[in-house]
Structure formats: C-alpha cells, structure tokens
Amino acid sequence: MALREIWPHEALDFTPWLLDNADALGEALGMELDITTAEHPVGGFSLDLVGRDVGTNESVIVENQLETTDHSHLGQLLTYAGGTDAVNVVWIAREFREEHPAALDWLNARTDPDTRFFGVEVSAVRIGDSAPAPLFRVIVQPNDWGKTVRSHAHGGDSSGSDKNLLYAEFWDRYIAALGDAGLDWSRARKGPAQNWFNTTTGVAGAEFSVNFGRGDTVRSELYLGHHDPEINTSRFQRLQQSRTELEAAYGGTLTFQPLEGRKACRICEIGTGAVTDRDNWERLIGWFIDRQRRLRAALAEVGGITVA
C-alpha cells in the first residue's frame, strides 16, 4: 500500500510517528534506539531525528525520505553527519536508486571505524482489516569486522584494545544467555567493546545497566541520566522515599548513589568480578541476569518504572 496513505506528510506525520515508535526501526537495525529530538537544526537545515543507541551510548541521526532517494538528500545526510559528528547515520527512504547504496557502501569502506552508514527502505502492509504495519528493510549496513581489522592494523593493538575485545566477547555471551533464558531485554546482535551494557526501561532518560567498574567490581543498576538533571533528582528522590518497600521487593540491599557533579543518579547492587577472569564469566553472567531480573521486578512493583 502507498506510504502516503499512512503518513501524508513526511515532516508532520512520519517523523513524529518514528519519534514515538523508534523501537520498530531499532529492531531492524539491531539497536536499542532512544530518539530524543525531531527537526534538529544543523546550519540552515533541519535534521529529522537525533538520538542514540542505548546499548552503546553512541549517537544516531536519521534522515527520512518517503520518496525515491535523490542526490539532494544524500548531500543533506552528509551535512548532518558532519554537523552533529554522528556515529550512526541512517537514511530511510521508500526506495533507493542504484547509485545511493553504492555511495553508502563506499562511505562505510572509507570512513574511520567509529562512523557507520545505514540505508533502510520503508514500506507498509495491511492484512485484511488490520491497521497498516510498517516494514523496515536494511539494505546497507557497515562491515564492522572489516573496520575492526583495519583499526588494529593501524596500531590499535594495545592492552586497552585487548580489554575492549574481551568486553565485546563477554557481552556476546551475555546476549546469548538472555536469549537462552527467554528474556527480550535487548535487540542487540553483538556485544559492545566497552565496560557497560545498557537496555531501555521504556522511560526516557532512565536505563537498566550491567557493567564492570574499577577495582574488580561489577554493578547491576538503574541509571537515571536524563539530560534535565532536575528530572533525575526528582525520580531519584521519589525512589529513595520508597527504599524500604523497594528493597523488600528486591530481596536485598540496594545502594543509592546521587553521583554529585555528574547530574545523574543510580540505584544499584555492587558485586565483585573482572572481565579478564574468563573462568568466572559464567558466574558473572548469571549474577547480572539474576540482579537485573530482581531489580526490574521490584521497580515495576514499587517504583512504577515501566519495563520495556
């Protein structure tokens, strides 16, 4: 069916819909998308959507085009990427002209390992009398493995990089364990090369996180990191007032950290472990899953945090 029957106007209909339904695009891309801004100004233009991948905390920009792609939008896409210093650059269109996927593939091959370009075709289907459902098909995506190889070939093989590879492997196993346990907490398809792994709560500016800290510590937490610090403080204080009930539902003691000076707050349990201790990975993965399951259940029961 025609896209214009569902979204008559790209800026007035499709962009607001995508802002409210970022999970549909995130599922296609394999990201936990948190889209926070629409019509973001870049010079004399307006970028359709700006957000980030919650799992990696990397920036994401989205340019929409409910028509066949054209050179003008390709130029705008590059202008927006340069103006926002984006990591993940997504171009959505009804149909891609042959030369434009080739251009995105070329950009993925030539840019640095921290820049990625995606081409996504959008269509819609209706079965019987049901409401129309959008379909996203990723036709261009980066070859991250090739970029990782090139990064190490250019002198990236340091002890820090080795540890990042350990993180990526650990989170790969964590993602697999979530799937084996039937838990749909994340849409990530691969582990990030960093010490934390975030998933959405369904509430803007609040995330569930499991991570490795300093001094061989690990944390399972609710991280309140809204860009407005007053919102973080309000949520933190409300949860702190319910601490007794929250810990009873959790079945243990929780640590409340206001994180002074960082404008963010966290509620967590702290354990011990290091990513370099491979023999301990199975125990750590089990600990992360158990603590996250209990924290999510307690917050849903007492704190009113919606679990996605």
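Start by selecting helix α2: on the face turned away from its buried side you will find Leu-12 and Asp-20, both exposed. Keep in mind as you go that this is a predicted model.

**Around α2**

Now add Glu-10, Phe-14, Thr-15 and Leu-18 to your selection; these are the buried residues of α2. Turn the view until you look down the helix axis: the buried residues of α2 fall within an arc of 90°, so they line one face of the helix.

**On to α3**

Keep α2 (residues 10-20) on screen and bring in α3 (residues 22-29). The two helix axes come within 5 Å and cross at roughly 75°. That angle makes α2 and α3 roughly perpendicular to each other. To see where they meet, show side chains for Trp-17, Leu-18, Leu-19 and Asp-20 on the α2 side, and for Ala-22, Ala-24 and Leu-25 on the α3 side. Colour this contact by residue class and you get six nonpolar residues, one charged and no polar. Two of these residues are already familiar from the first stop: Leu-18 is among the buried residues of α2, while Asp-20 is exposed.

**A stop in β1**

Next, select Asp-34, which sits in strand β1 (residues 33-42). Is Asp-34 buried or exposed? Asp-34 counts as buried, because its relative accessible area is 16%, and the cut-off for buried is under 20%. Leaving out residues up to four places away in sequence, Asp-34 touches Gly-51, Arg-52, Val-54 and Gly-205. Show those partners together with Asp-34 before moving along the chain.

**Helix α4**

Select residues 71-84 for helix α4. This helix has 14 residues, and from its first C-alpha to its last it reaches 20 Å, close to the 20 Å expected at 1.5 Å a residue. Which residues of α4 are buried? They are His-73, Leu-74, Gln-76, Leu-77, Tyr-80 and Ala-81. Around the axis they cover an arc of only 160°, which puts them on the same side of α4. Rotate to the other side of α4 and you meet His-71, Gly-82 and Gly-83, which are exposed.

**Helix α5**

Move on to residues 99-110, helix α5. Its twelve residues reach 16 Å from the first C-alpha to the last, close to the 16 Å expected at 1.5 Å a residue. Pick out His-100, Pro-101, Leu-104, Leu-107 and Asn-108, the buried residues here. Viewed down the axis of α5, these buried residues fall within an arc of 120°, so they line one face of the helix. Trp-106 and Arg-110 are exposed on the face of α5 turned away from that buried side.

**Glu-169 in α7**

For the last close-up, select Glu-169 in helix α7 (residues 159-180). Its relative accessible area is 27%, and Glu-169 is partly exposed. What does Glu-169 touch, setting aside residues up to four places away in sequence? Its partners are Arg-278 and Trp-281. You can also draw a distance from the C-alpha of Glu-169 to that of Val-275: the two atoms are separated by 9.6 Å, although the residues lie 106 residues apart along the chain.

**Zooming out**

Finally, show the whole protein chain as a cartoon, with its ten helices and eleven strands. Of its 308 residues, 47% count as buried. Among contacts between residues at least 6 apart in sequence, 60% join residues at least 24 apart.

Key
Residues are numbered from 1 along each chain as its sequence is written. This is a predicted model: local features need pLDDT of at least 70, side-chain atom pairs count only at pLDDT 80 or more; totals for chains, interfaces and linings use all residues. Side-chain values use heavy atoms; hydrogens and water are left out. Helices (H or I, at least four residues) and strands (E, at least two) are DSSP runs, numbered from the N terminus. The expected span of a helix is 1.5 Å times one less than its number of residues. Buried means under 20% relative accessible area, exposed over 50%, partly exposed in between (1.4 Å probe, protein chains only). The arc is that of the directions from the helix axis to the C-beta atoms. Axes are lines fitted to C-alpha atoms, for helices over the stretch in contact, and angles run from 0 to 180 degrees between N-to-C directions. Angles under 35 degrees count as roughly parallel, over 145 as roughly antiparallel, 65 to 115 as roughly perpendicular and the rest as oblique. Contact means heavy atoms within 4.5 Å. Ala, Val, Leu, Ile, Met, Phe, Trp, Tyr, Cys and Pro count as nonpolar, Asp, Glu, Lys and Arg as charged, and the others, Gly among them, as polar.
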